Amino acid sequence: MNPADLIDLDRYPITDDVSADGQAFRMHSRLKFQHTGLLALNGFLHEAAIAELAAEARALEHHAHFVESTHNVYLATQLEDFAGEGPAAKGEHTFVGSVAYDRLPHGSRLRRLYQWDPLIAFIQSVLGTAELHRFADPLGACSINVYRDGGRHGWHFDESELSVTLMLQAPESGGDFEYVAGIRHRHDEEAVLTRVLDGDCRETQHLPFTEGTLLIFNGQQTLHRVTRVAGPRARLVPVLCFSERPDMFNSDEVRRYFWGRAG
Ligand SMILES: [Fe+2]
C-alpha cells in the first residue's frame, strides 16, 4: 500500500511542488489557512480509502479510553477559580474516547499515511513554517478520537496551535463541528463568548462532517465544539499531531488523562 493511493491527487496535488498547478494549489491552501485559520479539503481521501481506513479504525475502537469532564472554554476544570468572571466560569461538557497511537498495527494505512513524508511537507507548506516534525509521543502522535452515543466536545480553544484531523466515519446524527473563527484575544472576545455560550448561534459557523475530509485547523484562536453524537455508529476522527519542535511528547498527566496510562 502506497499512501499516495489513498488520496485524490488529481483534485489535491499535494505531492506536486513543481508544476504551476501544484504551486498554485499550495499557495491557495496557505492563503486560505492564513485568512481563516481553517483549511478543509473535502474528498481528500478516495471512496475506497475511506472504507479501508474506517474499517481499520472500527477494528481498533475497542481500545479507546473514554474521558468525561466539565471544563471552561480554556479547558480549565477548576471552575470555582473563575467565579464571577463571566463566560470563563461556565462549564462545558465533554465525553470522548481515544485510541492511542501504539494500538495502530505497523502496516496500518493510518500509521503509514501519518509517516508519509509528502503529507508533512504539504502541511508545512500550508503553515509556512521553517520546520515541522511528527510527534515522538508513542500514545499521542496519531490517535483516533471516538465519539460514541452521547459523545461530545464542549466549546473550547485548543492548547496547541495546530490540529490536523481526518473525518473518517460520520455518526448517525449529531457530531457537527461548529466554530467561531479568530476570536481569541480579540477586543470583543468576552462579549462573543457570552453570546455563544448562551446559545446565540448567529456568529457560529458550521462545518459539515463529510467523510474523507482532511482538516487543518488553528484551534488556539478559534472557539469550537463537537455537538452531541447520537446513534450506534461512532464518529471516528484520527488526530495527526505535528510540531515545529522535534521530539515532542505529551506530559504523563496528559497521557494518563486521554489514554489511561503514561506509557
Ligand atoms: Fe479542539
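Is E56 buried or exposed? With a relative accessible area of 18%, E56 is buried, since the cut-off for that word is under 20%. Keep in mind as we go that this is a predicted model. E56 lies in helix α2, which covers residues 47-60. Leaving out residues up to four places away in sequence, E56 touches S108, R109 and L110. One of these contacts returns in the charge pairing: E52, E56 and R109 are linked in a network of salt bridges.

Let us turn to the metal site. The iron ion has as its protein donors H156, through NE2, D158, through OD, and H224, again through NE2. These donors lie 2.1 to 2.2 Å from the iron ion. Along the chain, they follow the spacing H-x1-D-x65-H. The pair D158 and H224 links distant parts of the chain, 66 residues apart. D158 sits in the loop between β6 (152-156) and β7 (162-167), while H224 belongs to strand β11, residues 223-226. How accessible are these two donors? D158 has 17% relative accessibility and so counts as buried. H224 is buried as well, with a relative accessible area of 5%.

Next, follow helix α1, which runs over residues 20-36. Its 17 residues, at 1.5 Å a residue, should span 24 Å. The C-alpha atoms at its ends are 24 Å apart, so the expected span and the model agree. Which residues of α1 are buried? They are G22, F25, R26, S29 and F33. These residues cover an arc of only 95° around the axis, which means that they are on the same side of α1. The general geometry helps here: an α-helix has 3.6 residues a turn, so residues three or four places apart point the same way. On the face turned away from this buried side, α1 carries the exposed residues A20, D21, M27, H28 and H35. As for what lies against the buried residues of α1, they pack against β1 (38-41), α4 (117-127) and β10 (213-218). After the helix comes G37, whose phi is positive, near 75°.

One residue of α1 deserves a closer look. R26 is buried and yet has no salt bridge. Why does D17 not serve as its partner? D17 is the nearest side chain of opposite charge, but it is 4.2 Å away, and a salt bridge needs a side-chain nitrogen within 4 Å of a carboxyl oxygen, so the pair does not count. Setting aside its neighbours within four places in sequence, R26 is in contact with I14, D16, D17, A121, F122 and S125.

Other charged residues in the model do find partners. Side chains of opposite charge can pair when their charged atoms come close. How many salt bridges does the structure hold? There are 14. One of them joins D102 and R261, with the closest N and O atoms 2.8 Å apart. This pair links distant parts of the chain, 159 residues apart: D102 is in the loop between β3 (92-99) and α3 (109-114), and R261 is in the segment after α6 (252-259). D102 is partly exposed, at a relative accessible area of 37%, and R261 also counts as partly exposed, at 22%.

A second salt bridge brings together the side chains of R255 and D137, at 3.5 Å from N to O. Here too the pair links distant parts of the chain, 118 residues apart. R255 is in helix α6, whereas D137 is in the loop between β4 (133-134) and β5 (142-147). At 10% relative accessibility R255 counts as buried, and D137 is buried with a relative accessible area of 0%.

A third salt bridge is formed by the side chains of E203 and R195, at 2.9 Å from N to O. E203 is partly exposed, with a relative accessible area of 27%, and R195 is partly exposed at 32%.

Our last stop is C201, in the loop between α5 (189-197) and β9 (205-207). With a relative accessible area of 57%, C201 is exposed. To place it against a residue we have already visited, take R26 in helix α1. C201 and R26 are 175 residues apart along the chain, and their C-alpha atoms are separated by 33 Å.

Note on methods. Residues numbered from 1 in each chain as written. Predicted model: local features only at pLDDT ≥ 70, side-chain atom pairs only at ≥ 80, totals over all residues. Heavy atoms only, no water. Donors = N, O, S within 2.8 Å, 3.2 Å for Na, K, Ca; no water. Helix = DSSP H or I, 4+ residues; strand = E, 2+ residues; numbered from the N terminus. Buried < 20%, exposed > 50% of the residue type's maximum accessible area, 1.4 Å probe, protein only. Expected span 1.5 Å × (residues − 1). Arc of directions from axis to C-beta. Contact = heavy atoms within 4.5 Å. Lys, Arg positive; Asp, Glu negative; His and termini not counted.
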